[in-house]
Amino acid sequence: MPGKLEKPPAPTNPYSWWLPRHHKSAGFARRLLRTFLAGQPDGERFLDTGELLLGELVTNAVLHAKTPPGRLIFIRFELDPDSLRIEVHDADANRPSVPHPATEQDESGRGLWLVSQLASGWGCRPRAGGIGKMVWALIDGGSQ
């Protein structure tokens with residue numbers, strides 16, 4: 001059943017999964033990415049940056065998306081020989097912004113800034129045929 005943190009099937013390329021808006025979803029999404037990349041030729045070269053960016057994007061969707069109760073988060077990974085594309089979909093149509101933390105001691109506000117610095121490209125667009133938005137990040141294999 002979508003929305004539960006259950007054991008997913010073996011990953012395919014591309015791979016997608018539905019997650020609940022829950023504080024454990026970022027960790028579960030990172031485990032899904034690790035499993036996905038382990039099954040792909042040379043996938044491990046994307047692991048460190050991929051886990052960081054995916055965790056930030058899912059956390060952003062969990063903490064900041066203004067959605068009705070029960071709405072899920074959809075994640076999607078696609079690997080080609082030169083890049084990893086990560087997508088996080090949520091039901092909030094508002095586009096995220098990249099705030100700069102006011103001070104070095106701020107404990108939040110760095111997620112999208114990190115994405116903007118580490119991804120070879122990233123963006124946001126309305127979901128095709130659906131409610132909300134999709135935030136994507138592209139990790140270039142040459143920069144790993």
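# Close-up views of a predicted chain

**View 1. Asp42 sits in the loop between helix 1 and helix 2.** Keep in mind that what you're looking at is a predicted model. Asp42 isn't a glycine, yet it has a positive phi of about 60 degrees. Is Asp42 buried or exposed, or something in between? Its relative accessibility is 41%, and since buried means under 20% and exposed means over 50%, Asp42 counts as partly exposed.

**View 2. Here's the whole chain, before we zoom in again.** Three helices and five strands make up its secondary structure. Reading from the N terminus, the order is β-α-α-β-β-α-β-β. The chain has 144 residues, and 40% of them are buried. About 7900 Å² of the chain is exposed, with carbon and sulfur atoms supplying 53% of that area. Of the contacts with a separation of 6 or more, 61% are between residues 24 or more positions apart.

**View 3. The largest nonpolar core holds 31 residues, and Leu54, Ile75, Phe77 and Leu84 touch the most other members.** Which elements give two or more residues to this core? They are strand 1 (15-20), helix 1 (25-38), helix 2 (47-64), strand 2 (72-80), strand 3 (83-90), helix 3 (111-118) and strand 5 (133-140). Helix 1 provides the largest share, with seven residues. As background, nonpolar side chains in soluble globular proteins tend to be buried together. Now pick out Leu54. Leaving out residues up to four places away in sequence, Leu54 touches Ala29, Arg30, Leu33, Ile75, Phe77, Ile86 and Val88.

**View 4. Tyr15, Phe36 and Phe77 are linked into a cluster by ring pairs.** A quick reminder: a pair of aromatic rings is described by the distance of the centres and the angle of the planes. The chain's aromatic pairs come to four. One of them is Tyr15 with Phe77, a stacked pair at 6.1 Å centre to centre with 25 degrees between the planes. The stacked pair ties together distant parts of the chain, with Tyr15 in strand 1 and Phe77 in strand 2, 62 residues apart. Both Tyr15 and Phe77 are buried.

Why does the pair of Phe36 and Phe77 count as tilted? The planes of these two rings stand at 45 degrees, with the centres 5.6 Å apart, so the pair is tilted; the stacked label needs planes under 30 degrees apart, and edge-to-face needs over 60. Again the link joins distant parts of the chain, from Phe36 in helix 1 to Phe77 in strand 2, 41 residues apart. Phe36 has a relative accessible area of 0%, so Phe36 is buried. Phe77 also comes out at 0%, so Phe77 is buried as well.

**View 5. Glu51, in helix 2, has a polar contact to Arg34.** The side chains of Glu51 and Arg34 are joined at 2.2 Å. Is Glu51 buried or exposed? With a relative accessibility of 16%, Glu51 counts as buried, because the cut-off for buried is under 20%. Setting aside neighbours within four places in sequence, Glu51 is in contact with Arg30, Leu33 and Arg34.

**View 6. Strand 4 (residues 121-126) pairs with strand 5 in the antiparallel sense.** How many bridges hold this pairing? There are six of them. Look for Arg125, whose bridge partner in strand 5 is Met134. The hairpin has six residues between the two strands, and Gly129 takes a positive phi near 65 degrees there. One general note to go with this view: in a regular strand the side chains alternate between the two faces of the sheet.

**View 7. Leu138 belongs to strand 5.** Its relative accessible area is 27%, so Leu138 is partly exposed. Which residues is Leu138 in contact with, leaving aside its neighbours within four places in sequence? They are Ser83, Leu84, Arg85, Ala119, Ser120 and Gly121. Have a look at Gly50 too: Leu138 and Gly50 are 88 residues apart in sequence, while their C-alpha atoms are 9.0 Å apart in space.

**View 8. A cis peptide bond joins Asn13 and Pro14.** The omega angle of this bond is about 0 degrees. To find the spot, look in the segment before strand 1, where Pro14 lies.

Terms used. Residues are numbered from 1 along each chain as its sequence is written. This is a predicted model: local features need pLDDT of at least 70, side-chain atom pairs count only at pLDDT 80 or more; totals for chains, interfaces and linings use all residues. Side-chain values use heavy atoms; hydrogens and water are left out. A nonpolar core is a set of buried Ala, Val, Leu, Ile, Met, Phe, Trp, Tyr and Cys residues joined through side-chain atoms within 4.5 Å. Buried means under 20% relative accessible area, exposed over 50%, partly exposed in between (1.4 Å probe, protein chains only). Helices (H or I, at least four residues) and strands (E, at least two) are DSSP runs, numbered from the N terminus. Contact means heavy atoms within 4.5 Å. Accessible areas come from the Shrake-Rupley method with a 1.4 Å probe; for residues, only the protein chains shown count as cover. Rings of Phe, Tyr and Trp (its six-membered ring) pair if their centres lie within 6.5 Å; planes under 30 degrees apart count as stacked, over 60 as edge-to-face and the rest as tilted. Two strands pair if DSSP finds at least two bridges between them. A polar contact is a pair of N or O atoms within 3.5 Å; within protein, one must be able to donate a hydrogen and the other to accept it, and residues adjacent in sequence count only if both atoms are side-chain atoms.
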